[in-house]
Amino acid sequence: MPTNRPTLLMAATLAALLTVACAGTDSTDTGITVTPGTWSYSVTEEIPLPGGRCSAKSSGTATVSAGGAYSITFPALSCSSCTMSASTSGTITTSAISGSVSASIAGSGCSSQQPTPRPASVAGDCHTTTCTAQTASGDSFAVSYTLTPS
């Protein structure tokens, strides 16, 4: 009677190697610890213009509550004679960030239509040191920001 021991041994070894490899990738990102206090942010806004969008960046600080709630009024950002004002609020958990952002534009270089939807939803992921949220790709404007505990 033939034996399948070499095949079974190879299958068991491969399964063990895959388990170790997968466990290693899963354990490298355990999520963020939501600590109340001052967090720093960096924001990129894509401002709607008649011929497309232009990009402007800024950074600052925000306060996050013990429950992960935050609210930020970003500084007004300008490019191509158009200024966009935006504010956001939402909640951070150990693995995700979600909320909404409202924006308005003014200036001679702006599109004739205000950014839509208003407010727009933002969502994203949190990792060991940061949370990044962004608007949906179909919105007429874009806001993307990263929050980092200070």
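Biologist: Let's start with one cysteine pair: are Cys126 and Cys131 buried or exposed?

Modeller: Please keep in mind that this is a predicted model. Cys126 and Cys131 form a disulfide, with their sulfur atoms 2.1 Å apart. The burial cut-off is under 20% relative accessible area. By that test, Cys126 and Cys131 are both buried.

Biologist: Which handedness does the link of Cys126 and Cys131 have?

Modeller: The angle to look at is the one about the S-S bond, and here it comes to 115 degrees. With that angle, the link of Cys126 and Cys131 is right-handed.

Biologist: How many disulfides does the count come to?

Modeller: We have just met Cys126 with Cys131. Cys54 and Cys79 form a disulfide too, with sulfur atoms 1.7 Å apart, and Cys82 and Cys110 form another at 2.0 Å. The count comes to three.

Biologist: What is the pairing if the bonded cysteines are numbered in sequence order?

Modeller: Let's take them along the chain. Cys54 bonds with Cys79, Cys82 with Cys110, and Cys126 with Cys131. The pairing is therefore written as follows for the protein chain: 1-2, 3-4, 5-6.

Biologist: How many residues apart in sequence are the parts that Cys54 and Cys79 tie together?

Modeller: Both Cys54 and Cys79 are buried, and their link is right-handed, with 80 degrees about the S-S bond. Cys54 lies in strand β2 and Cys79 in strand β4, so the parts they tie together are separated in sequence by 25 residues.

Biologist: And where is Cys110, the partner of Cys82?

Modeller: Cys82 and Cys110 have 100 degrees about their S-S bond, a right-handed link. The pair links distant parts of the chain, 28 residues apart. Cys82 is in strand β5 (residues 82-92), while Cys110 sits in the loop between β6 (96-106) and β7.

Biologist: Turning to strand β8, which of its side chains point to the buried face?

Modeller: The side chains alternate along residues 131-135. Thr132 and Gln134 point to one face and are not buried. On the other face, the buried side chains are those of Cys131, Ala133 and Thr135.

Biologist: Which residue in β9 stands opposite Gln134?

Modeller: β8 has partners to consider. Five bridges join β8 to strand β7 (residues 120-126), antiparallel, and there Asp125 stands opposite Thr132. β8 also pairs with β9 (residues 142-149) in the antiparallel sense over four bridges. In that pairing, the residue opposite Gln134 is Ser144.

Biologist: How many residues lie between β8 and β9 in their hairpin?

Modeller: β8 belongs to a hairpin with β7, which has four residues between the strands. β8 and β9 form a hairpin as well, and the number of residues between them is six.

Biologist: Which strand gives the most to the largest nonpolar core?

Modeller: The largest nonpolar core has 33 residues, and those with the most contacts inside it are Ile92, Ile97, Tyr145 and Leu147. Leu147 touches residues including Trp39, Tyr41, Ile92, Ile97 and Cys131. With five residues, the strand that gives the most to this core is β1.

Biologist: Why does Ser58 count as buried?

Modeller: Ser58 is found in strand β2 (residues 52-64). Leaving aside neighbours within four places in sequence, Ser58 is in contact with Tyr41, Ser42, Val43, Pro75 and Leu77. Ser58 counts as buried because its relative accessibility is 19%.

Biologist: There are aromatic pairs too; what kind is the pair of Tyr41 and Phe74?

Modeller: The structure holds three aromatic pairs. The rings of Tyr41 and Phe74 have centres 5.2 Å apart and planes at 70 degrees, so this pair is edge-to-face.

Biologist: How far apart, centre to centre, are Phe74 and Tyr145?

Modeller: Phe74 counts as buried at 3% relative accessibility, and Tyr145 does at 0%. The pair of Phe74 and Tyr145 is tilted, with 55 degrees between the planes. Centre to centre, the distance is 5.5 Å.

Biologist: Which residues do the ring pairs link into a cluster?

Modeller: Phe74 pairs with Tyr41 and with Tyr145. With Tyr70 added, the cluster consists of Tyr41, Tyr70, Phe74 and Tyr145.

Biologist: Finally, over which residues is the pLDDT below 50?

Modeller: The mean pLDDT of the protein chain is 86, and 81% of its residues reach 70 or more. One stretch has a pLDDT below 50 and, beyond near neighbours in sequence, zero contacts in the model. Where pLDDT is low, the predicted coordinates should not be read in detail. Here that stretch is residues 5-27.

Notes: Residues are numbered from 1 along each chain as its sequence is written. Side-chain values use heavy atoms; hydrogens and water are left out. Buried means under 20% relative accessible area, exposed over 50%, partly exposed in between (1.4 Å probe, protein chains only). Helices (H or I, at least four residues) and strands (E, at least two) are DSSP runs, numbered from the N terminus. Two strands pair if DSSP finds at least two bridges between them. A nonpolar core is a set of buried Ala, Val, Leu, Ile, Met, Phe, Trp, Tyr and Cys residues joined through side-chain atoms within 4.5 Å. Contact means heavy atoms within 4.5 Å. Rings of Phe, Tyr and Trp (its six-membered ring) pair if their centres lie within 6.5 Å; planes under 30 degrees apart count as stacked, over 60 as edge-to-face and the rest as tilted. pLDDT is the predictor's confidence in each residue, from 0 to 100. A disulfide is a pair of cysteine sulfur atoms within 2.5 Å.
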